[in-house]
Amino acid sequence: MRPDESTYLQTRTEQMVERAGLRRRDLLKLGATLPLAAGVASWVGAAPAGAATTPIVKPLPPEWFVNYGTNAEMRWETARDLGYTIPNERFFVRDHTATPLIDERTWKLRVFGSGLDGPGVELTYDQLRRMPQRDVVTAIECAGNGRSFFATQQGTPSPGTQWGLGAIGVARWRGVPLRGVLERAGISSRAVDVMPVGLDASVVSGGVDYGHVRRPLPVGKALDDALLVLAMNGEDLPPDHGFPVRLVVPGWIGVASVKWLGEIEVSDQPLFSYWNTVQYVMTGDAYPSRPVLGAQTVKSAWELAKGAELPAGTPVTLTGRAWSGTSAIVSVEISTDQGASWTPARLQGQRGAGTWTLFRYACRPLEAGPAQLWARATDGSGRTQPLVATFNSNGYLFDAVVRHPVMVR
Ligand SMILES: Nc1nc2c(c(=O)[nH]1)N[C@H]1C(S)=C(S)[C@@H](COP(=O)(O)O)O[C@H]1N2
Ligand SMILES: [Mo]
């Protein structure tokens, strides 16, 4: 059974303004498309003819984001000016449909299912907020981050958003450990899967309605470190990032971190949805057993524009970030001669599984002309970025060294 969306969701322009910090002209633009107090499906599905639709609520200035409509990636060159965490207004967004605006005063989280002893619980926002909370600094990264390089670097395109490397961000998340809520709901030792369900509109593709975004999580991970997040970098979650409550699953692909949470099903049987059977499984010749995605892979990125100009003969310190879903980064090596030789970069500051490590590389480019910067990260489990990523039909987990073009002048 699904909740009646209209009891959970309200499109309230005032709240949107307050929470998203929208400017007046954005408000006017949105006001034209949003009937007040209508169910969310009506505005994401059927904006008045000719009106602009705004699947993502926050402003997406082109100098900060590459905008794909319902998705927007962070421009890596802008990360150089940012601290360890990415501010809320700069964080990438990935919506399967569109950002809903939810009234926390009528919001409820229902926990139910065969994996509970007893009927489960329903929690209001205030009840959840009064439970013990903790802080976690961790990344959210889309499984498809880096997908475009399957096409541009390996000549084997795969469909889906053609992300560069900017479908990742690290934030300080504050919330209630999922474990606490599952225990309060009476989780039994028979439980095997825990499935968070989003309140955003159902995903309809090719005429098929797949229902709300939802993806089962093995009970072990759910009880380990998953967090029911209320705040991002010290503020209430912004609408685009899951207000009032989202899940954050450290180290795992982004879709595990379900936004706009409305229900959690706890089951004593394995659960299935579109998001662990069709999407977010590895498919293609190299993956006959179709493994279901969980933890993220190893990657690195330069905080530099594609084709950036570097002055010949002048010392320059280049910076980047490297990360892995399963363990801390232990080294990053740099090559400027297309892999013939590698020099270690200097790692800086915070490290850990599921979050990034900043690196610096001081060099003096000599010869004028086009060049490539290669960075190759290794994590604590001994995984090193390969030169070629294994192809899979959905273009997930592109982990290969990305060849970053620069121009020495
Ligand atoms: N309910 C819901 N949860 C969701 C999504 C969504 O569309 N609906 N997108 C998922 C995907 S694919 C990713 S990568 C992350 C993105 O989180 P962000 O938009 O806060 O950066 O949210 C995940 N959670
Ligand atoms: Mo994603």
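Guide: In this predicted model, a polar contact is a pair of N or O atoms within 3.5 Å.

Visitor: What makes the pair formed by Arg-246 and ligand 1 a polar contact?

Guide: An N or O atom in the side chain of Arg-246 lies 2.7 Å from an oxygen atom of ligand 1. The limit is 3.5 Å, so the pair counts as a polar contact.

Visitor: Which backbone atoms come within that limit of ligand 1?

Guide: Among them is a backbone N or O atom of Phe-92, 2.7 Å from an oxygen atom of the ligand. A polar backbone atom of Arg-94 is 3.0 Å from an oxygen atom of ligand 1. Both values fall under 3.5 Å, so these pairs are polar contacts too.

Visitor: How much of ligand 1 does the protein bury?

Guide: The ligand taken alone exposes 540 Å², and the protein buries 100% of that.

Visitor: How many residues surround ligand 1, and which are the closest?

Guide: There are 21 of them, and Phe-92, His-96, Asp-200, Arg-246 and Lys-259 are the closest. To be listed, a residue needs a heavy atom within 4 Å of the ligand.

Visitor: Why are some spaces here called cavities and others pockets?

Guide: A 1.4 Å probe fits in a cavity but cannot get out, whereas a pocket is an open set of points. Two cavities reach 30 Å³ or more. The largest cavity holds about 270 Å³ of space. Its lining has 20 residues, and Arg-94, Arg-246, Gly-254, Ser-257 and Lys-259 are the closest to its centre.

Visitor: What classes of residue line the largest cavity?

Guide: Its lining has eleven nonpolar, four polar and five charged residues.

Visitor: How do you know where the second largest cavity lies with respect to the domains?

Guide: Its lining takes residues from both domain 1 (37-45 + 55-280) and domain 2 (299-408), so the cavity lies between them. The space is about 60 Å³. Among its lining residues are Ile-140, Trp-252, Trp-323 and Gly-354. Strand 6 (134-141) and strand 18 (316-324) each give two or more residues to this lining, and strand 6 gives the most, with three.

Visitor: Which domains supply the lining of the largest pocket?

Guide: Domain 1 and domain 2 each supply at least three residues. The volume of this pocket is about 520 Å³. Of the 26 lining residues, Phe-149, Gly-164, Leu-165, Lys-306 and His-404 are the closest to its centre. By class, the lining has 14 nonpolar, seven polar and five charged residues.

Visitor: What is known of the second largest pocket?

Guide: It holds about 370 Å³ of space. Its lining has 20 residues, with Arg-94, His-96, Gly-160, Thr-161 and Gln-279 nearest its centre. Eight of the lining residues are nonpolar, nine polar and three charged.

Visitor: How do you know whether the peptide bond from Phe-243 to Pro-244 is cis or trans?

Guide: Its omega is near 5°, and the bond is cis. Most peptide bonds are trans. Pro-244 sits in the loop between strand 13 (235-236) and strand 14 (246-248).

Visitor: What makes the phi of Trp-260 worth listing?

Guide: Phi of Trp-260 is near 50°, a positive value in a residue other than glycine. Most residues other than glycine have a negative phi. Trp-260 is placed in the loop between strand 14 and strand 15 (261-267).

Technical notes: Residues are numbered from 1 along each chain as its sequence is written. Chains are lettered from A and ligands numbered from 1 in the order in which they are written. This is a predicted model: local features need pLDDT of at least 70, side-chain atom pairs count only at pLDDT 80 or more; totals for chains, interfaces and linings use all residues. Side-chain values use heavy atoms; hydrogens and water are left out. On a 1 Å grid over the protein atoms alone, a cavity is a set of points where a 1.4 Å probe fits but cannot get out, and a pocket is an open set with protein on both sides within 12 Å along at least five of seven lines; lining residues have an atom within 4 Å of a point. Grid points are joined across faces, edges and corners, and a volume is the space filled by probe spheres set on the points. Ala, Val, Leu, Ile, Met, Phe, Trp, Tyr, Cys and Pro count as nonpolar, Asp, Glu, Lys and Arg as charged, and the others, Gly among them, as polar. Domain bounds come from an automatic or database domain assignment. A polar contact is a pair of N or O atoms within 3.5 Å; within protein, one must be able to donate a hydrogen and the other to accept it, and residues adjacent in sequence count only if both atoms are side-chain atoms. Accessible areas come from the Shrake-Rupley method with a 1.4 Å probe; for residues, only the protein chains shown count as cover. Helices (H or I, at least four residues) and strands (E, at least two) are DSSP runs, numbered from the N terminus.
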